[in-house]
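Me: Please take me through the structure shown below in questions and answers.

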Amino acid sequence: MLTTLPAHPNRIQQELTLQLALSVALWAIKGYTAPEVEQAVTRARILCQQMGETPQLFPVLWRLVVFYFNRGEHRTAHELAEQMMRLAQSLQDPYLLSYAHMTLGWTLYLLGELTSARSHLEQTMARYDPQTHPRSTFFTTDPRVECLSCAAWTLWYLGYPDQALKRSQEALDVAAGLSHPFGMAYALAWAALFHLLRRDELSVREQAEAVITLATEQGFSYWVAFGTVMRGGALAEQGQVEEGITQMQQGLAVFQAMGTQVSRPHRLVLLAKAYGMTGQVEKGLTILAEGLAMVDKNGERYSEAELYRVKGELTLQKFHVPGLTLQVADPRSLMPDAQGEAEICFLKAIEVARKQQAKSRELRAATSLARFWQQGGKRAEDHNLLSKVYNWFTEGFDTKDLQEAKALIEELSQ
């Protein structure tokens, strides 16, 4: 109907409002990178250019960040987040500033700049006031849900598992209090991924099944796919490997049909590990190579250390005698090239984790390397390496990673 009206600032403003509302609805039912979404957001940006400086450019930039994030173009997403910050600062709007900090935190997390990400996320939590900053139709979720979810992963990476768990639960609590289905689906999905990081497969399945049920009822196809991948990863870790692979592939197929980047590093790690469990090591290594190529291409480095660690594990598995596991096979019986390649992968994982200050990733990589060295006879060296990382931690001692590291340290000290 707007096309029948004469060109006028009011008509442009009305269309911009409608395009913003339309893009939110399209996000929910078609996914973040559907062609219809791109069309609506692109049109909204053109309208903003016609209007000149307008606060509504802010939600347009946010939609573009989400679009490029799901396309895997993370440097572009970060540049747009910086534009959001400059605009919010120029407008001196506390609500927009809180959202700009949250968006920068997200993009920095994806780029592996974890301490900077944490700083921006804490700025959001300090600035946002739900009493004076009510949830706007500009966005799909309350910023607290997004911020707390991202803060949970960031804190886990930085080596604070208990604080991370608290933030993840806070995100679920906030979402539950909003009576907002899309926000609840969002919180459940990211909680599932968080528990996957913690290796708490029961919680992963619980959250994944909850998001699948809710998203199916509401027609949120993106979150159905996300939950299906998470549930598949949990099933594989619990020993139902074939079923887990099938579910992961189903979810990834939906992402691909939506135009969403399938080769996200955390998804590829899940799939590669599952293929390794079934003996399809070459397939797993091919998937990891794809993931590492994507890291170099788009800068999505938050899972880089884990890609290298799992590559090391699968490299060892590739050259083991069939039927032996990493825990009992002797690396000295491997081909020298295999030993060297696996060790390089573990060391690279540690190097990347240290650069990112990702202590949880460093611990996991150090455990893999120490176990490898132990089986090769390097007792003192592996003990010192792992003990140094383990002793840094002050919380999270009930998690699998820290329990396994402690058990290995005790074994090495005997």
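**Contacts, core and helices**

Me: Leaving aside neighbours within four places in sequence, which residues are in contact with Tyr109?
Reply: Contact means heavy atoms within 4.5 Å. In this predicted model, the partners of Tyr109 beyond four places in sequence are Leu114, Ala117, Cys150, Trp153, Thr154, Tyr157 and Tyr302.

Me: Which pLDDT do local features need?
Reply: Residues are numbered from 1 along each chain as its sequence is written, and side-chain values use heavy atoms, with hydrogens and water left out. Because the model is predicted, totals for chains, interfaces and linings use all residues, side-chain atom pairs count only at pLDDT 80 or more, and local features need pLDDT of at least 70.

Me: Which helix gives the most to the largest nonpolar core?
Reply: A nonpolar core is a set of buried Ala, Val, Leu, Ile, Met, Phe, Trp, Tyr and Cys residues joined through side-chain atoms within 4.5 Å; buried means under 20% relative accessible area, exposed over 50% and partly exposed in between (1.4 Å probe, protein chains only). The largest such core has 139 residues, and Tyr109, Trp153, Trp223, Phe226 and Met230 have the most contacts inside it. Helices are DSSP runs of H or I with at least four residues, numbered from the N terminus. With 14 residues (its span is 181-198), the greatest contributor is helix 9.

Me: Is Leu193 buried or exposed?
Reply: Leu193 is found in helix 9. Beyond four places in sequence, Leu193 touches Trp153, Phe226, Met230 and His266. With a relative accessible area of 8%, Leu193 is buried.

Me: Why is Cys150 in no disulfide?
Reply: A disulfide is a pair of cysteine sulfur atoms within 2.5 Å, and the structure holds zero of them. Cys147 and Cys150 both count as buried, each at 0% relative accessibility. The closest cysteine sulfur to that of Cys150 belongs to Cys147, which is too far for a bond at 7.4 Å.

Me: At roughly what angle do the axes of helix 2 and helix 3 cross?
Reply: Axes are lines fitted to C-alpha atoms, for helices over the stretch in contact, and angles run from 0 to 180 degrees between N-to-C directions. The axes of helix 2 (residues 35-51) and helix 3 (residues 57-71) come within 10 Å, and their crossing angle is roughly 145°.

Me: Which residues of helix 2 make the contact with helix 3?
Reply: On the helix 3 side, the contact is made by Leu57, Val60, Leu61, Arg63, Leu64, Phe67 and Arg71. On the helix 2 side, the contributors are Glu38, Val41, Ala44, Arg45 and Cys48.

Me: Which residues does Ser23 touch, not counting those up to four places away in sequence?
Reply: Ser23 has its place in helix 1 (residues 9-30) and, at 1% relative accessibility, counts as buried. Beyond four places in sequence, Ser23 touches Ala40, Val41 and Arg63.

Me: What is the phi of Gln92?
Reply: Most residues other than glycine have a negative phi. Gln92 lies in the loop between helix 4 (74-91) and helix 5 (94-110) and is exposed, with a relative accessible area of 58%. Although Gln92 is not a glycine, its phi is positive, at about 55°.

Me: What value is the phi of Arg199 near?
Reply: Arg199 lies in the loop between helix 9 and helix 10 (201-218). With a relative accessible area of 21%, Arg199 is partly exposed. Its phi is positive in a residue other than glycine, near 65°.

How values were computed: Helix = DSSP H or I, 4+ residues; strand = E, 2+ residues; numbered from the N terminus.
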